[in-house]
Amino acid sequence: MKKISKILAAAAAAALCAGVLAGCSGEGLTGGVAATVNGVEIQEDEVTRDIQKMREQRNITSEESWGKWMAEYNYIPEAVRNDILDTKINNEVLRQEAAALEITVDQSEIDDYVTQMSSRYESPEKWHEALDKLGMTEDDYRENIENNLYKQKIQETLDTSGVEAADPLTYAQSYLTTFDGVKRSSHILFDAADEATAAEVLAKLRSGELDFAEAAKTYSKDGSGADGGDVGWGDPINTFVTDYQKALDELEVGQVSDLVPSQYGIHIIKCTEVFNAPDELTSLDQLPDAFVEYVNAQTASSDADSAYTTWLDDKRKAADITVNPMPENVPYNVDMSKYLDAETLETIKEQTTQQQAEFLGEEVADETEVEAEAGEDGEQAADGEGSGEGSGEGADSSGDDGAIQFVDADGNTLAPIGDSSGSSSE
């Protein structure tokens, strides 16, 4: 069975309704309360809107396409609802606990993040087009940023001494093949309208009349010029726009590109280094400094996330959480017996019930007991991970900026705000 809780968690983070499907325009909404967290209500219609928007984004709006999609991932409507609710419950617990700790998020902090991300687009219209592609409004994005900031501030208060720290060397060894062949580069960036100057500088570079680093200091319109045009290592250390990365991929060390247009202007790119991974990595000293910084940042983030997950689990167990049954008339409810055989459907129903009990902190039978009970009834439990497993993982991932993947007008992925991995633009 495949896990899709991350897909659903991302949809939950992204999707308050813009209004196309039944349920998004008001038609198909049921009203009522889906869950309460210490008395605070989570409305059923919020869950419905999120699910309907997720369906719209994936073009699975018909009953048949929706049913087949759930069957492919061994899901049923109740399990989809559970995953969406799991994320919403996590966010509500987070906010309540932050308030208890007198942790606040200022509007100016959110504004700064939105300004940083929106400034990567050439116009406000392009920024909102990117949000539309995600099924989000700017208010939705602000809410997601606010939740992330609460999480970060909570993480800063947590004691990680009891967390089994991730080993940077082990992490680096796991990703060594990813690091192999990564290139470092410098560039000179010109305005899009300054192609004549860019062509003149390129000619002088190739004739030897100009030194690349000096030319970058003189002509480049961005801050890298002060460093001779150095923009560091490529993916995964830094994320460059597609046009830039493609041009860099074709260069050998010391080679200079032709003029490379992108949304940021016109680049002249020089490949300055290539990392060739050793056959065996026994020490971080074998990696460039930037790689070591990246590895340390990733493992530190992993440690913080582990401590946060433990903290959130404890707070959820202590909270008074009630989840009400799914209304039968929600628009995403379909008869899954049309798409799953009876044995598989029964197994998924059992797993979904177990999932709900788990995220309510109730005692549940372990997997062997469930299988034994199924055997006593003359039914064979299906093997697999199950639709219910992984909901915590999915909910946790929705708290990361990386759960929301922004792209520019050309389809280039933009690195998340606050991502220490580096620049996304140049």
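Lys 88 and Asp 50 are both buried in this predicted model. Their side chains meet in a salt bridge, with a distance of 3.0 Å from N to O. The pair links distant parts of the chain, since Lys 88 belongs to helix H4 whereas Asp 50 belongs to helix H2 (residues 44–57), and 38 residues separate the two.

A search of the whole structure finds 19 salt bridges, and two others may be set beside this buried pair. In one of them, Arg 142 is joined to Glu 138, and the closest N and O atoms are 3.4 Å apart. Here both partners lie within helix H7 (residues 138–157), four residues apart, which is about one turn of the helix. Glu 138 has a relative accessibility of 22% and therefore counts as partly exposed.

The other example is found in helix H10 (residues 195–207), where Lys 204 and Glu 200 are likewise placed four residues apart, about one turn of the helix. Lys 204 forms a salt bridge with Glu 200, and 3.4 Å separates the closest N and O atoms. Lys 204 counts as partly exposed because its relative accessibility is 23%. Glu 200, at 45% relative accessibility, also counts as partly exposed. To return to the buried pair, salt bridges with shared partners join Glu 46, Asp 50 and Lys 88 into one network.

Helix H4 leads from the charged residues to the nonpolar interior. The largest nonpolar core has 57 residues, and those touching the most other members are Trp 66, Met 70, Ile 89, Tyr 141, Ile 154 and Met 336. Helix H4 (residues 77–100) supplies the largest share of this core, namely eight residues. The surroundings of Trp 66 can be followed in detail: leaving aside residues up to four places away in sequence, Trp 66 touches Ile 51, Met 54, Arg 55, Ile 60, Val 80, Tyr 332 and Val 334. There is also a second, separate core of 15 residues, which includes Val 182, Phe 275, Leu 287 and Val 295.

The description now turns to the strands. In general, the strands of a sheet pair through backbone hydrogen bonds, in either a parallel or an antiparallel manner. In this model, four strands form an open sheet with antiparallel pairing, and their order is E4-E3-E6-E5. The edges are occupied by strand E4 (230–233) and strand E5 (260–262); each has a single partner strand, so one side of each is left without a neighbour in the sheet. On average, neighbouring strands of this sheet are turned by 40 degrees against each other, direction being ignored.

Strand E3 offers a convenient path through this arrangement. Strand E3 (residues 183–190) is joined to E4 by three bridges, and the two strands run antiparallel. Within this pairing, Arg 184 has Trp 233 of E4 as its bridge partner. E3 also pairs with E6 in the antiparallel sense, over eight bridges. There, Ser 185 has Cys 271 of E6 as its bridge partner.

Helix H11 (residues 212–219) lies across E3 and strand E6 (265–274), and runs at about 40 degrees to E3. Why is E3 largely enclosed by the rest of the structure? Buried residues are those under 20% relative accessible area, and seven of the eight residues of E3 are buried, so the strand is largely enclosed.

Note on methods
Residues numbered from 1 in each chain as written. Predicted model: local features only at pLDDT ≥ 70, side-chain atom pairs only at ≥ 80, totals over all residues. Heavy atoms only, no water. Pairing = 2+ DSSP bridges. Axes fitted to C-alpha atoms, helices over the stretch in contact; angles between N-to-C directions. Contact = heavy atoms within 4.5 Å. Buried < 20%, exposed > 50% of the residue type's maximum accessible area, 1.4 Å probe, protein only. Core = buried A, V, L, I, M, F, W, Y, C linked by side-chain atoms within 4.5 Å. Salt bridge = Lys/Arg side-chain N within 4 Å of Asp/Glu carboxyl O.
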